[in-house]
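Hello,

Here is the structure I said I would pass on. My notes follow below it.

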Amino acid sequence: MSGEAVDDIIRLRSGRGRALLAAMALGSGMAFLDSTVVNVALPTIGRDFDAGMAALQWTVNAYTLMLASLILLGGALGDRFGRRRIFLIGVAWFTVASVLCAVAPSVEVLVVARALQGIGGALLTPGALSILQTSIHPDDRAKAIGAWAGLTGMSGVVGPLLGGWLLEFDWRWVFWINVPIAAVTVWLTRRCAPESRQLRPEQSFDWAGAAFGAVALGAGTYALIAAADAPEPGPLVGAMVLTITAAAAFLRRQATASAPMVPLSLFADRTFSVINAMTFAVYAGLSGVMFFLVIHLQVSLGWSPLAAGLSSLPITLLMLLLSGRSAELATKVGVRLPLVAGSVIGGVGTALLTTAAPGSSYVTAVLPGMTLLGIGLVILVPTLTATVMSSAPAELAGVASGVNNGVSRAAGLMAVAAIPAMVGLAGTSYADADLMTAAFRGAMLICAGLLVAGGALAAFLLPMPGAKLDHEATEEAGETSAPCPAPGLPPAHGH
């Protein structure tokens, strides 16, 4: 592997290889878990702190904002100072912030602690994928990618289930649970993960680019959340102007900096650009579903937190049982069919959820939609994950992983900020069963449209529609710094 310093290469079938995969799945899964587990607790948190919709949105988005803003920097730090080292720092940071969330005395303190959690997540998430990329033997990477994609994706949808169970005791346990998970992750990583870093000349970090990106996302998020119930237009206009200005400054900085956070040359590859656009659409839709569903089931249908969490069980089981196998689907049929089919099936399943209303049963109103959404994710996620990294140069694996992670997190951030206002939710209106039912139906249609839009991007804009994932082509791609000319299963991998 050119340009990399790696202590040794590990076979996945060895005890060390399995332990390494478990550590990376636990670490990245812990960060992804907290993106969803808090959703189940939102109605309870709202009651405990007498919080309105904006406070609940910030409870979710403070975490996502910092994660999306800094995850690119997290990947660059790992490439430079050592991926194992930065990963472990991120796990420790995330754990301390989780404890602060668990003891928060007010919703304002909780929001600040969630932002600190996002910083820890930004450090550990890209490192997990880069460690697998540089440590697992090339012959085993396809299987490791499929297993990791399934385990990490499952952690995102198991969040509502776990959160519902923990809420039987106290909502603060949704944060305390991170402490034992982090302890196991650190122990396994220290025992099994070799250190690796990018061999390149010393260079300064793009702190200005990170600042411009964070300001653009933060101001944009504020504008979207405040749009529903802002008393005057002045602050909104100011936030929109700041968003546009900061975004323009970010792009200019990336085009002119000697060591940019996001080398714009990555987007010269059409596959990389299209797949990241697809990632945005798909994860915006998925984030909207996970945000609204568990609130709707508790507020409108009167379900307990545990019952609302159990509603996602079909997705959890499907991701657990089938993601590893679906990872190799594109080696037989090409990448376009799984990407399009998975998105459309997920969109149809999301649209079916609109039938969930007061008096509905789980079997008729929730199970069909959740099952189809799970099938769509099983087909879509492994291929989406593998394809985006196959189009990136091997020496920019950490940055490319950070870009795709940042895109998926930014998508969730924008969805949670924008969709409530689009469907008429503001203040404490989410606690009204009739208003929530109408808003939920509109939100599910929007989310279904986003998923189908992701499939349309793959159908019409991906180059070389017949390209299949090829193991030999993948290994050759890993040995060169040039982007892959067509989608392929990469030795590098990012989520």
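Residues 24 or more positions apart make up 85% of the protein chain's contacts with a separation of 6 or more. Bear in mind that this is a predicted model.

The chain has 495 residues, and 60% of them count as buried. Its secondary structure comes to 19 helices and two strands. The exposed surface is about 17600 Å². Carbon and sulfur atoms supply 68% of that area.

Next, the largest pocket. Its space is about 630 Å³. It is lined by 25 residues, and L217, F250, G406, V407 and A410 are the closest to its centre. Which helix gives the most to the lining? That is α9, with seven residues. Helices that each supply at least two lining residues are α3 (53–81), α9 (207–226), α10 (233–256), α11 (270–299) and α17 (397–422).

One residue deserves a separate note: R84. It sits in helix α4, which covers residues 83–102. R84 is buried, yet it has no salt bridge. What is the nearest side chain of opposite charge, and how far away is it? It is E195, at 5.2 Å. The cut-off for a salt bridge is 4 Å between a side-chain nitrogen of Lys or Arg and a carboxyl oxygen of Asp or Glu, so this pair does not count as one. E195 is still among the contacts of R84. Leaving aside neighbours within four places in sequence, the others are I131, T189, R190, A193 and P194.

Best wishes

Methods. Residues numbered from 1 in each chain as written. Predicted model: local features only at pLDDT ≥ 70, side-chain atom pairs only at ≥ 80, totals over all residues. Heavy atoms only, no water. Helix = DSSP H or I, 4+ residues; strand = E, 2+ residues; numbered from the N terminus. Buried < 20%, exposed > 50% of the residue type's maximum accessible area, 1.4 Å probe, protein only. Lys, Arg positive; Asp, Glu negative; His and termini not counted. Contact = heavy atoms within 4.5 Å. Areas by Shrake-Rupley, 256 points an atom, 1.4 Å probe, with all protein chains shown as cover. 1 Å grid on protein atoms, 1.4 Å probe; cavity = no way out; pocket = protein on both sides within 12 Å on 5 of 7 lines; lining within 4 Å. Points joined across faces, edges and corners; volume = space filled by probe spheres on them.
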